[in-house]
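Grab a pen and have the viewer open. The exercises below start from one residue and work outwards to the whole chain.

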Amino acid sequence: MDHLEPLGRALVVIGLFITVLGAIMILTPRVPWLGRLPGDIVIQRDDLTIYIPITTMFIVSVVLSVVLNLIGRSR
């Protein structure tokens, strides 16, 4: 049964990732400035809207990099 331990750990990590992703999706509408920052591009035509959140993705990337770095260093 020891050969199943890595699979169990992987399933726990995947489950935690899905839980965090779900929480983010639930809480995102409650942060009104997210997605409406200067540098986010919105192109609207008659029946077409193109949304390119450049600044938002940059900030999310920096925050995730810092958090994951802190988690990695604590191990």
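**Exercise 1: Place D40**

Task: work out where D40 sits in this predicted model, and what its side chain pairs with.

Solution.
- Step 1. Start with the secondary structure: D40 is in the loop that runs between helix 1 (5–27) and strand 1 (41–44).
- Step 2. Check for a charge partner. D40 is buried but has no salt bridge. R36 is the nearest side chain of opposite charge, and it is 8.5 Å away. A salt bridge needs the two charged groups within 4 Å, so R36 doesn't qualify.
- Step 3. Look for polar partners instead. The side chains of D40 and T56 share a polar contact of 2.6 Å. A polar atom of the D40 side chain also lies 3.0 Å from the backbone nitrogen of T55.
- Step 4. List the wider surroundings. Leaving out residues up to four places away in sequence, D40 touches G35, Y51, I52, P53, I54, T55 and T56.

**Exercise 2: Follow the contact to T56**

Task: is T56 buried or exposed, and which residues does T56 touch?

Solution.
- Step 1. Find T56 in helix 2 (residues 54–74).
- Step 2. Read off its accessibility. The cut-off for buried is under 20% relative accessible area; T56 comes in at 4%, so T56 is buried.
- Step 3. Collect its contacts. Not counting residues up to four places away in sequence, T56 touches L34, G35, R36, L37 and D40.

**Exercise 3: Add G35**

Task: which residues does G35 contact beyond its sequence neighbours?

Solution.
- Step 1. Locate G35: like D40, G35 belongs to the loop between helix 1 and strand 1.
- Step 2. Apply the burial test. G35 has a relative accessible area of 13%, so G35 counts as buried.
- Step 3. Leave aside neighbours within four places in sequence, and G35 is in contact with D40, Y51 and T56.
- Step 4. Try a C-alpha distance too: G35 and M57 are 22 residues apart along the chain, yet their C-alpha atoms are separated by 8.6 Å.

**Exercise 4: Zoom out**

Task: what pattern does the protein chain follow along the sequence, and how does its radius of gyration compare with the globule rule?

Solution.
- Step 1. Count the elements: two helices and two strands, in the order α-β-β-α.
- Step 2. Compare sizes. The radius of gyration is 18 Å, well over the 11 Å that the globule rule gives for 75 residues, so the chain is more spread out than a compact globule.
- Step 3. Check the dimensions: the C-alpha trace spans about 60 × 30 × 20 Å along its principal axes.
- Step 4. Finish with burial. Buried residues make up 5% of the 75 residues.

Notes:
Residues numbered from 1 in each chain as written. Predicted model: local features only at pLDDT ≥ 70, side-chain atom pairs only at ≥ 80, totals over all residues. Heavy atoms only, no water. Helix = DSSP H or I, 4+ residues; strand = E, 2+ residues; numbered from the N terminus. Buried < 20%, exposed > 50% of the residue type's maximum accessible area, 1.4 Å probe, protein only. Lys, Arg positive; Asp, Glu negative; His and termini not counted. Polar contact = N/O pair within 3.5 Å; in protein donor to acceptor, adjacent residues only side chain to side chain. Contact = heavy atoms within 4.5 Å. Rg over C-alpha atoms; globule rule 2.2 N^0.38 Å.
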